[in-house]
Amino acid sequence: MKVKVAINGYGTIGKRVADAVSLQDDMEVVGVTKTKPDFEARMGAEKYGLYAAIPDRVKAFEDAGIEVKGTIEDLLEKADIVVDCSPGKVGAENKPLYEKAGVKAIFQGGEKAHVAEVSFSSLANYDDAVGKSFVRVVSCNTTGLARVLSILRDMYELRKVRATMIRRVVDPKEDKKGLVNGIMPDPVKLPSHHAEDVKTVLPDVNIVTTAFKVPTTLMHLHSIAVEIDGNVSVDDVISRFEEEPRIMLFSKEEGFTSTAKIIEFAREYRLRYDLFENAVWRESINFHDGELYITQAIHQEAIVVPENIDAIRAMFELADRQESMKKTNRTLGIV
Ligand code: NAD
């Protein structure tokens, strides 16, 4: 029996999670939702079957000539789990619907941590989500930090982490807001919330973060410094990163001089240039005066997709961490 998955909110994250679910042999998409009859709704209707996220909008879809199979309530009746990919904070408003329907739910990083029983990142705390009903997959930046820090935590005694996030201002499709010329401290009052978010999945890591928005849509960039007790072998860190499929090493030597070049590579490599892996610059990994330095880029639209698949497996106890990650990696082409 395959786990039946509903996607509530067929946007940037929702469409990617739907495609990823449809590649698995132990789960299937039973339908997706949209609020408005736009081109994404039309694509969702053709690919997976569309339901109205807001019940009184059914007529708007019909008027636009888009086939709609019912409302979110109808969809939840068919589902074992809903992956809520609605805009930030809307997931919490949707939660009572899921409770009423008696389905499990996954929320995204735009929600507050208390929306779910547990926050989740595969490498950090897979086991915490086993058997749970409500799980929140942490945000793109937090997923990027959590992967790297989970690996380092298993290798060394981490004293303190300082990370600066240089964030893409909006996603490529967002034409209503942006930042054309400037660098925006966000938040201005430091530290940023990202550190607290990392602690929801790695509570023992002592971390402080700062964040700035810049006029780019492609990727976030993280400058990370980790104080570590004792000696660190840069070669060991590189080997461990090479072994972990969810980390991909890039080298300036090969021409990867910026996020633009990484995305140029990804355009050839994957549909929608989705880079599910952390893009770590090999040359940036350096140990100096007790601190390990790492620079990485994160494709914000894609990075949380494998974690959503692993979260489903954990919640339905379909596989342990190793088995789930292996399966997700294989099906998504993460090598
Ligand atoms: P998006 O705006 O691209 O998509 C949201 C979708 O939800 C839209 O299709 C919209 O039609 C639909 N929607 C609107 N109101 C709804 C409602 N009441 N019920 C159900 N659906 C509704 O947003 P996104 O970028 O995919 O973000 C979704 C979630 O994922 C947010 O929590 C966000 O913080 C998180 N997230 C986003 C990114 C990113 O970079 N885009 C990365 C990681 C996590």
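**Ligand shell and strand pairing**

By class, the residues of the shell around the ligand divide into 11 polar, seven nonpolar and four charged. The model described here is a predicted one. In this model the ligand is surrounded by 22 residues. The closest of these are Thr-12, Ile-13, Lys-34, Asp-171 and Lys-173. Two helices, α1 (12-22) and α5 (90-101), each contribute at least two residues to the shell.

Polar atoms of the protein approach the ligand from both backbone and side-chain positions. At Gly-11, a polar backbone atom is 3.4 Å from an oxygen atom of the ligand. A ligand oxygen atom also lies 3.2 Å from a polar side-chain atom of Thr-35. For Asn-94, the partner is a nitrogen atom of the ligand, which lies 3.4 Å from a polar side-chain atom of this residue. On its own the ligand has 830 Å² of accessible area, and the protein covers 83% of this.

Strand β8 (residues 158-168) pairs with strand β11 (residues 220-228) in the antiparallel sense, and eight bridges connect the two. Within this pairing, Glu-227 of β11 stands opposite Lys-160. Strand β8 is also joined to strand β10 (residues 207-214), again by eight bridges, but here the strands run parallel. The bridge partner of Arg-168 in β10 is Val-214. Strand β8 thus has an antiparallel partner in β11 and a parallel partner in β10.

How values were computed:
Residues are numbered from 1 along each chain as its sequence is written. This is a predicted model: local features need pLDDT of at least 70, side-chain atom pairs count only at pLDDT 80 or more; totals for chains, interfaces and linings use all residues. Side-chain values use heavy atoms; hydrogens and water are left out. Two strands pair if DSSP finds at least two bridges between them. Helices (H or I, at least four residues) and strands (E, at least two) are DSSP runs, numbered from the N terminus. A residue is near a molecule or strand if one of its heavy atoms lies within 4 Å of it. A polar contact is a pair of N or O atoms within 3.5 Å; within protein, one must be able to donate a hydrogen and the other to accept it, and residues adjacent in sequence count only if both atoms are side-chain atoms. Accessible areas come from the Shrake-Rupley method with a 1.4 Å probe; for residues, only the protein chains shown count as cover. Ala, Val, Leu, Ile, Met, Phe, Trp, Tyr, Cys and Pro count as nonpolar, Asp, Glu, Lys and Arg as charged, and the others, Gly among them, as polar.
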